[in-house]
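Reader: I would like a close look at one part of this model, followed outward to whatever else can be said with care. Please take a single helix as the starting point and then turn to the rest.

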Amino acid sequence: MLKTEELQINIGPQHPSTHGVFRMLVTVDGETITDLKPVFGYLHRNHEQLAEMNTYQQNMPYTDRLDYFNAMANNHAYAIAVEKLVGIEVPERAEYIRVLMVELTRILNHAGALGFLINDMGAWQTQLAFGMREREKILDLFESASGARLMCNYFRFGGVARDLPADFMPRLKDLLLAMPGFVDEMERLLRENEILLQRSEGIGILPQELALAYSVTGPVLRGSGVAYDIRKAEPYSIYDRFDFDVPVGSVGDVYDRILVRIEEMRQSKRIIEQIIEQLPDAQGGYMNPKARQNVRPPVGDVYARVETPKGELGFYLVSDGSTKPYRYKVRAPSFINLTPLGDMCRGYKVADVVVILGSIDIVMGEVDR
Amino acid sequence: MDIPRGNIIVMDRRRGKLRVGQGLIQGLKVVWDHWAGSFHKNENFSQIHGTFTVEYPDERLPLPQTYRNMPVLLYDDESGHELCTGCYQCQRICPPQVIHITQAKDPVTGKMVPAATEFIIEYDACMSCGFCAEVCPFDSIKMDHVYELSTADRVSLTMRKAQLNRPISYYASIAPDLWAEVQAGAMKKLQGSIKRRPDVIGLAAVLTEKIKARRLELAAAAAAAPAAAAPAPAAPAAPAAKLTPEEKAAKLAAMKATNANKGVAAPPAKAPVELSPADAKAAKLAAIKAANAAKQAGAAAPPAEVPAELPPTDAKAAKLAAIKAANAAKKAAEQGNSE
């Protein structure tokens, strides 16, 4: 056999397929990857230290900027953490609005994430444009409710910033009419597409044990065949009131992650339909009138976690009794999910790296905080 | 493994009945459908085909009322009265700390006045979170809908008060429902402040009409009876010496009489509002002097009997006066004891 020399190359930090400023230090032997070291920190914004200088209330808009694709889900995690720390109750209607927003977020995230993944594979913009179109409709809804498309800043301690506008529900129902068509169409386009199968089947396998060892969460973990969803394992908010299934993969490759994401969109739609049925009327109140925003929690600490579209997002807050958190730690799913990238890529070709990275679905804002 | 209220679905990886290449063709059909659909415009969320986009600089999508971009300050259309009182609430809450307020001061006394001489917002660092508009107790800071702010000159994005000021009618036109909400909730939000000083303290929102009416009324009153109005401020301003309780009671009676003459059922608490600034000052001075006199006179100060004569609507003001009198009496008694 011919003796070859290993070569180290950099993919990133400025690279269109790295979803931000992310650098992969790849050691290749010919086309085959022998080692990959993820290097991050190029987007460090001092998020946690900044949060310790701000009051609890002031941190809410900063959580939007963690995973800027899913601002609502980040808001939810932070609101739950502070509410747990202070002991604020949330009215029924507010809980339903919150879950509704978070599930819409899940749909738009998966629509976008799959689009970007297919984009990375080389299908320039086709699926991405379709996914972005669905995302756009949801963002319109977010805008009408919260005032902003991406940086929603919609949640408050003890509820949400304002009630749903009058035209929200009819538009949401229209959206749900289109949703099955959109997901089916996406599946028709992707599921048996030979090119996609070539690029994704058996690529980037993350075995179950390894996934658990790396404490990976979200669709990546479920793609590896572990039916772990915080909404089921430790139901927070009002998730114990809804029927929905947890899709899991069997192999743990890129293809499984695609299938899991497609199915999760369907399940989110199911949850939204149940929310529309159960949503209390406007008299329920979207905000706990007794809840103060400038909170001064008692001394103590709290860890609250939610299942964001990317996995487990947790906030660990330590209070010293003042209006500012003494310690503010974010357990970001993108960051943890990125750590096994080296093991996932080893042995595959260098062209698979961007596909595997795309299938993890990272947002650099969350990786480097 | 079992999960509550749902099943675990293991994703089916098997192929359908498609032969090699048919999957691709199926996918192309999807793309084709979209291409064919792109010739008609899609107006409805329930459709997945059709064009959604608009040709931006020529066409614009309507913005929802709740849309927030950058904060602006409001002022009353007619009087030009700025609603901002310089209370620093927005400056304190602003997460990126881009709001800088300079509180107005009375040039003579050097005391703070409820207004802002300068109000700076650094638009270039503003994160559009909308907290400032949310906390503002006077509804003077609101989120604008203008989004075309790009400029090559960063410094020009540091907005001063003159650039931030917008008439109330402008905000009411971009967000009519929200402004109606403000008007409905204004009284509750501000509680006593408006009642006490409607002309000075912000929020013309719910009171725009009322203030306007009041101004007209005052102007009419001033024009109709300048002679009747004159003695009121003159009386308290005259005596520089300390008042005896008897003198004070007499003065109060005189004031009440003038009020009655004017035909305005104004309780004592509202009196300063009707006066011109100079008069208001004089009245305040007189009130302070009266309080001092009461203190010196001791426990049997006459203010205690005044509240009884007031109409029931002023129960609160009366109570306040009673408490004040009691406090003064207590102080006087303490002083007596120590002596």
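Author: In this predicted model, helix α3 of chain A runs over residues 71-86, and its 16 residues reach 22 Å from the first C-alpha to the last, close to the 22 Å expected at 1.5 Å a residue. The helix is mostly covered, since 14 of its 16 residues are buried, and α3(A) is followed by G87(A), whose phi is positive, near 85°.

From that helix one can turn to the contact between the chains, which takes 64 residues from chain A and 49 residues from chain B. About 4600 Å² is buried between chain A and chain B, with carbon and sulfur atoms giving 55% of that area. Across this interface there are 2 salt bridges, including one in which the side chains of R5(B) and D243(A) meet at 2.8 Å, N to O, and the count of residue pairs in polar contact between the two chains is 27. On the side of chain A that touches chain B, at least two residues each come from α2, α5, α6, α7, β6 and α11, and the largest share, 11 residues, is supplied by α5(A).

The cysteines call for a separate remark, as a search of the whole structure finds 0 disulfides over all chains. C94(B) is buried, at a relative accessible area of 7%, and its sulfur lies 6.4 Å from the closest cysteine sulfur, that of C129(B), which is too far for a bond. C132(B) likewise counts as buried, at 9% relative accessibility, and because its sulfur is 6.3 Å from the closest cysteine sulfur, again in C129(B), that pair is too far apart for a bond.

Conventions: Residues numbered from 1 in each chain as written. Chains lettered and ligands numbered in written order. Predicted model: local features only at pLDDT ≥ 70, side-chain atom pairs only at ≥ 80, totals over all residues. Heavy atoms only, no water. Helix = DSSP H or I, 4+ residues; strand = E, 2+ residues; numbered from the N terminus. Expected span 1.5 Å × (residues − 1). Buried < 20%, exposed > 50% of the residue type's maximum accessible area, 1.4 Å probe, protein only. Disulfide = S-S within 2.5 Å. Contact = heavy atoms within 4.5 Å. Buried area = accessible area lost by both parts, 1.4 Å probe. Salt bridge = Lys/Arg side-chain N within 4 Å of Asp/Glu carboxyl O. Polar contact = N/O pair within 3.5 Å; in protein donor to acceptor, adjacent residues only side chain to side chain.
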